[in-house]
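Colleague: I would like to learn how to read a model like this one. Could we go through it feature by feature?

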Amino acid sequence: MITPPESLVQLLKPWADFYSHSKLAATIVQFLHIGGLVLAGGLAIASDRATFRALRLPVAAREGPLLELASVHRWVITGLTVIVVSGLAFLTADIETFFGSWIFWTKMALVVLLLINGLMMTRAEETLRRDAGEDSRGWRSLRRTAKWSLALWFTIAFAGVALANFS
Ligand code: HEM
C-alpha cells in the first residue's frame, strides 16, 4: 500500500480534523459531488441518448440535434468542475485512506478517459461542421464517443460508490 508523504499529511491535518468533526462540511462536500454528478452526468447521458436518436434521422434533419449537443458541453464541464473540486475535498480530508487505494487511482484513470472522450466528441462535432455529409467520418466518431461516454459515466459512478464503501 502506497502511503502519502508525511509532510502532505501534516499540511492537510487542519482540514482533515475539521472535516471529520463537521457533519455540515461532510454534507456540503458530498452534496456538491453528487450534485455535480446529477448535472454533468445527467446532461451527458441525455445528450448521448439524443445523439443515438439523431443518428437514426436522415442527415438533413440532424443539424438541430448537433447544435443542441454543442450547447450542452459547457454545462457538463461546469458540473465536472464541481465534481473535481468536491472530489479533491474528499481526497484531502482523508488522504491516508484514498492515496493508497487502487479503487481511487482506477477511478482517476477513468476520469481522465472521460475527459479525453469528451475532447474526441468535440473533435467529431468540428469535423461535422466542416463536412456533415452522409459518409462523413464525424458521424461514426460521434456514435463511438457517445457509447464511451455512457459506459464511463456509469463505471466511474460505480467506482465512486465502491470507493466510499471499501475505503
Ligand atoms: C466523473 C467524475 C466522478 C464521478 C461520477 C464520481 C462519483 C462519485 C460517487 C457516486 C461517489 C460516492 C459518494 C457517496 O457515497 O457519498 C464518489 C465518492 C468519492 N469520490 Fe468521486 N466521482 C468523480 C470524480 C472524482 C474525482 C475527480 C475525485 C478526486 C479528485 C473523486 C474523489 C472521490 C472520493 C475520495 C470519494 C469517496 C468519498 C468518501 O467516501 O468519503 N471523485 N464519487
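Colleague: To begin with, how many helices and strands are there in the protein?

Modeller: Keep in mind that this is a predicted model. The protein has 6 helices and 0 strands. Read from the N terminus, the order of elements is α-α-α-α-α-α.

Colleague: What does the C-alpha trace span along its principal axes?

Modeller: The C-alpha trace spans about 60 × 30 × 25 Å. As for the interior, buried residues account for 39% of the 167 residues.

Colleague: Take one residue as an exercise. Where does Thr78 lie, and is Thr78 buried, partly exposed or exposed?

Modeller: Start with the element, then turn to accessibility. Thr78 lies in helix α3, which covers residues 63-93. Buried means under 20% relative accessible area and exposed means over 50%. Thr78 has 43% relative accessibility, so Thr78 counts as partly exposed.

Colleague: How far apart are Thr78 and Ala162 in sequence and in space?

Modeller: Those are two separate readings. In sequence, Thr78 and Ala162 are 84 residues apart. In space, their C-alpha atoms are 24 Å apart.

Colleague: Now the packing of helices. At what angle do the axes of α2 and α3 cross?

Modeller: Read the approach of the axes, the angle and the handedness in turn. The axes of α2 and α3 come within 8 Å and cross at roughly 155°. Angles over 145 degrees count as roughly antiparallel. The helices α2 and α3 are therefore roughly antiparallel to each other. Their crossing is left-handed. In the contact of α2 with α3 there are 18 nonpolar and 8 polar residues, and no charged residues.

Colleague: What does the same kind of reading give for α3 and α5?

Modeller: The axes of α3 and α5 come within 12 Å, with a crossing angle of roughly 160°. That makes α3 and α5 roughly antiparallel to each other as well. In passing α5, α3 makes a left-handed crossing.

Colleague: Next, the pockets. How much space lies in the largest pocket, and which residues are closest to its centre?

Modeller: For a pocket, read the volume, then the lining, then where the lining comes from. The largest pocket holds about 860 Å³ of space. It is lined by 31 residues, and those closest to its centre are His33, Phe90, Lys107, Gly160 and Leu163.

Colleague: Which elements supply at least two residues each to the lining of the largest pocket, and which gives the most?

Modeller: The elements are α1 (6-21), α2 (23-54), α3, α5 (102-130) and α6 (137-166). The most comes from α3, with 8 residues. By class, this lining has 23 nonpolar, 6 polar and 2 charged residues.

Colleague: And how much space lies in the second largest pocket?

Modeller: About 310 Å³ of space lies there. Its lining has 18 residues, with His73, Val76, Leu80, Leu114 and Gly118 nearest the centre. The elements that give two or more residues to this lining are α2, α3, α5 and α6.

Colleague: Which element gives the most to the lining of the second largest pocket, and what is the make-up of that lining by class?

Modeller: Here α5 gives the most, with 7 residues. By class, the lining has 11 nonpolar, 6 polar and 1 charged residues.

Colleague: How would you put the two linings side by side?

Modeller: Set out the main contributor for each pocket. For the largest pocket it is α3, and for the second largest pocket it is α5. These two helices are also the pair whose axes cross at roughly 160°.

Methods
Residues are numbered from 1 along each chain as its sequence is written. This is a predicted model: local features need pLDDT of at least 70, side-chain atom pairs count only at pLDDT 80 or more; totals for chains, interfaces and linings use all residues. Side-chain values use heavy atoms; hydrogens and water are left out. Helices (H or I, at least four residues) and strands (E, at least two) are DSSP runs, numbered from the N terminus. Buried means under 20% relative accessible area, exposed over 50%, partly exposed in between (1.4 Å probe, protein chains only). On a 1 Å grid over the protein atoms alone, a cavity is a set of points where a 1.4 Å probe fits but cannot get out, and a pocket is an open set with protein on both sides within 12 Å along at least five of seven lines; lining residues have an atom within 4 Å of a point. Grid points are joined across faces, edges and corners, and a volume is the space filled by probe spheres set on the points. Ala, Val, Leu, Ile, Met, Phe, Trp, Tyr, Cys and Pro count as nonpolar, Asp, Glu, Lys and Arg as charged, and the others, Gly among them, as polar. Axes are lines fitted to C-alpha atoms, for helices over the stretch in contact, and angles run from 0 to 180 degrees between N-to-C directions. Angles under 35 degrees count as roughly parallel, over 145 as roughly antiparallel, 65 to 115 as roughly perpendicular and the rest as oblique. A crossing is left-handed if the near helix is turned anticlockwise from the far one by less than a right angle, and right-handed if clockwise.
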